[in-house]
Amino acid sequence: ANENGWFKVTNGKVDFDYTGLAANENGWFKVTNGKVDFDYTGLAANENGWFKVTNGKVDFDYIGLAANENGWFKVTNGKVDFDYTGLAANENGWFKVTNGKVDFDYTGLAANENGWFKVANGKVDFDYTGTAVNEYGVWNVVNGKVVF
């Protein structure tokens, strides 16, 4: 760090060519063209995976959904969980996630620890009341949730 910001240093020299995630004793940070980008919030990658970055710093406490130019992804403990398939939430609602990515093309029934839910275009439809069909049969749905 200096009066102009925080910079990625490689072999004693500021590395203005570096863009990615880099660490110091304070954590992991998003670096763009050699400088820590404290304005960045989103997903960024390194050789260990994709991570949720908030105000330039990797947020290892984050659990939820986060977006980048490739879509929305399920994040667990700060890292995109490409093994996750199920339902996950953010401030916009509950969404169907397949292999870590929100599947906005999915319409059908999906489950999580709270039960089975009607999903339309990737989002749980809590306004839906009626029937829904899947490979196990026809189900009664009230306010988006399958009623057994």
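Start by selecting Val142 and Lys145: Lys145, in β20, is the bridge partner of Val142. Keep in mind as you click around that this is a predicted model.

Now widen the selection to take in β19 and β20. Strand β20 covers residues 145–146, and 2 bridges join it to β19, with the two strands running antiparallel. Between them sit 2 residues, and in this hairpin Asn143 is the one to click on, since you'll find it with a positive phi near 50 degrees.

Next, step back along the chain. Select residues 130–134 for β18 and residues 137–142 for β19; these two pair up antiparallel over 5 bridges. They make a hairpin too, again with 2 residues between the strands. For a landmark here, pick Val133, which stands opposite Val138 in β19.

Now zoom out and show the whole chain. What do you get for helices and strands? The chain has 0 helices and 20 strands. Its radius of gyration is 20 Å, well over the 15 Å that the globule rule gives for 148 residues, so the chain is more spread out than a compact globule. Line the view up with the principal axes and the C-alpha atoms fill a box of roughly 65 × 25 × 25 Å.

Switch on the surface next. About 8,700 Å² of the chain is accessible, and 49% of that belongs to carbon and sulfur atoms. Of the 148 residues, 37% count as buried.

Last stop: colour by charge. You'll have 13 positive and 19 negative side chains in view, and the centres of the two sets lie 0 Å apart.

Conventions:
Residues are numbered from 1 along each chain as its sequence is written. This is a predicted model: local features need pLDDT of at least 70, side-chain atom pairs count only at pLDDT 80 or more; totals for chains, interfaces and linings use all residues. Side-chain values use heavy atoms; hydrogens and water are left out. Helices (H or I, at least four residues) and strands (E, at least two) are DSSP runs, numbered from the N terminus. The radius of gyration is taken over C-alpha atoms; the globule rule is 2.2 Å times the number of residues to the power 0.38. Buried means under 20% relative accessible area, exposed over 50%, partly exposed in between (1.4 Å probe, protein chains only). Accessible areas come from the Shrake-Rupley method with a 1.4 Å probe; for residues, only the protein chains shown count as cover. Lys and Arg count as positive and Asp and Glu as negative; His and the chain ends are not counted. The place of a charge is taken as NZ of Lys, CZ of Arg, CG of Asp or CD of Glu. Two strands pair if DSSP finds at least two bridges between them.
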